[in-house]
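The following questions and answers concern the structure shown below.

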Amino acid sequence: MLRLVHVSDFHLGVGFRQLVGDDVPGFVNNHILGNVKRSVDYALDNDVDIYLVTGDIFNKMLYSLNYSPYLLELFKPLVDRGIYVILIAGNHDAPKTRGKHNALYVINKLGVDRIVYIESPDESVLTVDVDGYRVGFVALPFVNILRDADRKISRFIRESYDKIRDSDVKILATHLDVSGARYSESDTLVRSFYMLPYRVNPSSLHPNLFDYVALGHIHLHQQVGGYPNMWYAGSIDRVNFGEVGQPKGFLKVDIDAGEPDIEFLETEPLNLIKVEDLEFRHKFDVKDLVSSLEGVAGLRGSLVKIEARFDRESWDDYRSLFPRVKLAVLEELGVRGFVVVPSYINPVSDVEIGPMISLDRNWIMERLRDYINSIRDIKPEDRRLMIEYSTRLIMEEYGD
C-alpha cells in the first residue's frame, strides 16, 4: 500500500492586513505554519511515503522570499526520513513574467534529494521509487490558458500519461478550477481567490487513467464530479472571512488495489468571527459597541470583522473615538485583531442606501480601470481580463 498526505492552499503571506491589532500578519502566518507542521508531524508519525502540496503555497509569489526558509525547515525532517516532498505551483505562486521564479525554484537547481518543486508544465512528468512501488506523477501546475482550455489540458494530460503508463501507481496533481466543485468563499473582498480564466470539465483530467487525482485551488475539501479518486484537499487554514466556521485540514490517501481510501484530518484553524447588523444613529458610543460584542461567543484571541451601519453623525463620532474603540476591543474584550466595515445611512431621509460604493458605482469602476491600466509589465490580454473581472464583480454585487 502507498500512503500519501495531500495538502494544499497555505496562502502564506495572506496577513489580514486590513485588521487592527498587534502584528496581525505575523500572528496569522505563524498560525498557518503551525497547521503545516501538524500535517508534517502526521506524515512523520504514520508511515507516509509522499507529502504532496497542490499549489497556492504563498498568497503572492513575492512572499515566497519570506516564507520559503520556514517551509524548508519544516520539510527537512520529511526528507531526512526518506519521505518525498512534491510541490506544484498554484495561480498565486506562478510568475507573471518570463524569467522570474518563485523562491522555491532554487530547490530544483540545488538538486536536493527527495524534494521537488514543479513550476512549469515543462517539468510535469516525474517518477519516484517508493517502498517497492514505481510511482508516476503527472504534475500540472496552474497555467494561464485563454482559449480552448479543456481540449488543451485533456491532450496534455493524455500525452504526459503515456510517459508514466508503466508505473505501478499513477497520480495526477494539478491546481485548477474544476467544474462542479463547490466554492467556500462568500466574502466579496476575496472572490479573486477563484478568478481563473477558465473552468475545466472533470473528464478532461482523465481520472480513469490515474489511481488518484490531487486537486488544489478551491478551499473546501471535497470529492469532485462523482469520481471517488478525485479530491480537493481544501486550504489548511482559514484565510478570509468567507471561511468562518469551516473545518480545515488535509487528506490522508491510501492507495492499494481499487479505489483509494481517503480520510480528512482536521487542523486547528484561525478563529474568525463575523458580527453583522449593528447600527448606530445620531451618535456613537464605545460602550454600545462593547455591549453588542460582549454577547458574541469566542471573541478572545479571535479575528473579528464587524459590519455596521452609520449615519453621518455616528460615523464622525466613531472616527474621533477610534483610539478608545481600539483599546476596548483589543484590551478589554481580548480580540486579536478587528476591522469595522461600514455602510452608510442617508442623513437627510434617514433611509438606508447600502454600502458607500453604491453612491457612485461608475466613479469606482472608472478608478479601477485607471489603476489596472497603470500596472506595469503585464500582458495586454491579462489587463483586459482584469478590467473585465473587476467590472463584472461590481455589476454583480451592486446591480446593473
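Q: Which residue caps the N-terminal end of H1?
A: This is a predicted model, in which local features need pLDDT of at least 70, side-chain atom pairs count only at pLDDT 80 or more, and totals for chains, interfaces and linings use all residues. Residues are numbered from 1 along each chain as its sequence is written, and side-chain values use heavy atoms, without hydrogens and water. A side-chain oxygen lies 3.1 Å from the backbone nitrogen of Gly26; the residue that provides this oxygen, and so caps H1, is Asp23.

Q: How far apart are the end C-alpha atoms of helix H1?
A: Helix H1 covers residues 24-45, which is 22 residues. The expected span is 1.5 Å times one less than the number of residues, which gives 32 Å for H1. The distance between its end C-alpha atoms agrees with this, at 32 Å.

Q: Which residue with a positive phi follows H1?
A: The phi of this residue is near 55°. The residue is Asp47.

Q: Is Val112 buried, partly exposed or exposed, and what is its relative accessible area?
A: Val112 is found in the loop between helix H3 (106-110) and strand S4 (115-118). Buried means under 20% relative accessible area, exposed over 50%, and partly exposed in between (1.4 Å probe, protein chains only). Val112 is therefore partly exposed, with a value of 38%.

Q: What is the radius of gyration of the protein chain?
A: The protein chain has 9 helices and 15 strands. The globule rule (2.2 Å times the number of residues to the power 0.38, with the radius taken over C-alpha atoms) gives 21 Å for 400 residues. The chain is as compact as a globular protein of that length, because its radius of gyration is close to that, at 23 Å.

Notes:
Helix = DSSP H or I, 4+ residues; strand = E, 2+ residues; numbered from the N terminus. Polar contact = N/O pair within 3.5 Å; in protein donor to acceptor, adjacent residues only side chain to side chain.
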